Amino acid sequence: MIEHNEKNMVGTTIIMVRKSDTVVIAGDGQVSLGQTIIKNNAKKVRRLGPGQEVIAGFAGSTADALTLFDRLEAKLEQYPTQLTRAAVELAKDWRTDKYLRRLEALMAVADKEKSFIISGTGDVLEPEDGLIGIGSGGNYALAAAKVLIETKMTAEEIAKKSLKVASEICVFTNNNITAEKI
């Protein structure tokens, strides 16, 4: 099981939906510091890799996010078109590096074929059902996506609706949604 410190995960909800030939990662825009909303339109989802063929979303602090996005991008440059290898190498570095080891966060990453949750404890987990939810509202968004995946909705529609549901339940999630799809 992934261990993380819940206090560092507030202010972010990330959902990944894989349906048909499309994969979408979407995130809300709220950044919170304690009980205060600092920003409403943060972009927590990015395209990565030499050809921008990988999408990633992050739950944790902004500084940690930028560090890990940069590290994953470097791994993707080192292992182009090999998301699995890049994810495993990042997880190994994250777990063993004295500086990175202190980063308590989760990442959801995907390319056209694979999807993973990457954690600082060395986990690289591939979902069985093509759905990932991380962050403070991640379980709410994931539950909504599990129901909506059976509908005729597209992956993007499911991701956005799932985040809207999470924003109505989780006080650390808003409905200012950023999404990337491949």
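**Close-ups of a predicted model**

**Figure 1. L68 and the company it keeps.** In this predicted model, L68 touches F58, L90, W94, L100, L103, A105 and M107, leaving out anything up to four places away in sequence. L68 is also among the residues with the most contacts inside the largest nonpolar core, a group it shares with L72, W94, M107, V109 and I118. That core has 22 residues in total. Nonpolar side chains do tend to be buried together in soluble globular proteins.

**Figure 2. Who builds the largest nonpolar core?** Two helices, α1 (62–78) and α2 (83–96), and three strands, β6 (54–59), β7 (106–110) and β8 (115–119), each put in at least two residues. The largest share comes from α2, with 6 residues. Another core, of 15 residues, lies apart from this one, and V17, L131, A155 and A159 are among its members.

**Figure 3. Helix α4 and its cover.** Running from 155 to 167, α4 has 13 residues. From first C-alpha to last, α4 reaches 18 Å, close to the 18 Å you'd expect at 1.5 Å a residue. Which residues of α4 are buried? They are A155, I158, A159, S162, L163, A166 and S167. Two of these, A155 and A159, turn up in the 15-residue core as well. The cover over the buried residues of α4 includes strands β1 (13–19) and β2 (22–27), plus helix α3 (138–148).

**Figure 4. T173, a loop threonine: buried or exposed?** T173 sits in the loop between α4 and β11 (178–181). Its relative accessible area is 4%, under the 20% cut-off, so T173 counts as buried. The side chains of T173 and T13 are joined by a polar contact of 2.5 Å. Besides T13, and setting aside neighbours within four places in sequence, T173 is in contact with D28, Q30, S136, G137, L163, A166 and S167. Of those partners, L163, A166 and S167 are buried residues of α4.

**Figure 5. Positive phi at S20 and Q52.** Most residues other than glycine have a negative phi, which makes these two loop residues worth a look. S20, in the loop between β1 and β2, has a phi near 55°. Q52, in the loop between β5 (45–48) and β6, comes in at about 60°. How exposed is S20? With a relative accessibility of 70%, over the 50% cut-off, S20 counts as exposed. Q52 has a relative accessible area of 34%, between the 20% and 50% limits, so Q52 is partly exposed.

Methods:
Residues numbered from 1 in each chain as written. Predicted model: local features only at pLDDT ≥ 70, side-chain atom pairs only at ≥ 80, totals over all residues. Heavy atoms only, no water. Core = buried A, V, L, I, M, F, W, Y, C linked by side-chain atoms within 4.5 Å. Buried < 20%, exposed > 50% of the residue type's maximum accessible area, 1.4 Å probe, protein only. Helix = DSSP H or I, 4+ residues; strand = E, 2+ residues; numbered from the N terminus. Contact = heavy atoms within 4.5 Å. Expected span 1.5 Å × (residues − 1). Polar contact = N/O pair within 3.5 Å; in protein donor to acceptor, adjacent residues only side chain to side chain.
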